[in-house]
Structures are given as C-alpha cells and as structure tokens.
Amino acid sequence: NELANAPAVELPPAIAASKTYRCKDNSLIYIDWLSDGTARVKKDRNEVGTTVTLGEGAPLQGDAKAASVTYTGQSCKA
C-alpha cells in the first residue's frame with residue numbers, strides 16, 4: 001500500500017553534450033550540457049563539477065551548439 005501512494009521518482013537530467021573549451025588565459029574548462037537547460041562546469045575532466053544556469057547575468061553564457069561560450073566574463077572556444 002505504501003508503494004502505491006509513494007510520490008513519483010524524478011530522475012536527474014541527462015547529459016546532452018560534453019565539450020572542452022580553451023579560454024583566453026589558455027586554461028581549459030570542461031562543460032557537460034544537461035537536458036534540463038543547465039550545464040556542469042569542470043576544471044578537470046574527472047571532477048564532478050559545478051552546476052550553473054544559463055542566460056543573462058549567469059556565469060555561463062552560450063549553448064552546446066555554439067563554437068564559443070563566455071564563462072565568468074572570459075571568452076572560451078571549443
């Protein structure tokens with residue numbers, strides 16, 4: 001009876017694309033673009049990363065299809 005009344009399970013967003021970008025200061029960032037419109041930014045390929053929202057005023061501007069993104073005010077190219 002408890003299972004029948006349990007709330008639906010919500011899965012985490014899927015990774016839609018994973019890309020590597022080189023920034024103006026010659027550093028690399030790794031971005032996992034997620035299916036819910038957010039992204040996970042990583043400084044190292046093996047770390048979990050930080051989930052950020054996209055858009056005006058956000059630390060990350062761009063999308064998975066763009067050749068370049070802006071992260072914390074710095075231009076980065078794929």
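Begin with the whole protein chain shown as a surface: its accessible surface comes to about 5500 Å², of which 51% belongs to carbon and sulfur atoms, the areas being taken by the Shrake-Rupley method with a 1.4 Å probe. This is a predicted model, in which local features need pLDDT of at least 70 and side-chain atom pairs count only at pLDDT 80 or more, while totals for chains, interfaces and linings use all residues. Residues are numbered from 1 along each chain as its sequence is written, and side-chain values use heavy atoms, with hydrogens and water left out.

Switch next to a cartoon view, where the protein chain shows one helix and seven strands, running from the N terminus as α-β-β-β-β-β-β-β; helices (H or I, at least four residues) and strands (E, at least two) are DSSP runs, numbered from the N terminus. The radius of gyration of the protein chain is 16 Å, well over the 12 Å that the globule rule gives for 78 residues, so the chain is more spread out than a compact globule; this radius is taken over C-alpha atoms, and the rule is 2.2 Å times the number of residues to the power 0.38.

Now select Gln-74, which lies in strand β7 (residues 74–77). Leaving aside residues up to four places away in sequence, Gln-74 touches Cys-23, Lys-24, Asp-25 and Val-69, where contact means heavy atoms within 4.5 Å. Select Asp-25 as well, since the side chain of Gln-74 reaches the backbone nitrogen of Asp-25 at 3.0 Å.

Finally, add Leu-60, 14 residues from Gln-74 along the chain, and find their C-alpha atoms separated by 9.4 Å.

Terms used
A polar contact is a pair of N or O atoms within 3.5 Å; within protein, one must be able to donate a hydrogen and the other to accept it, and residues adjacent in sequence count only if both atoms are side-chain atoms.
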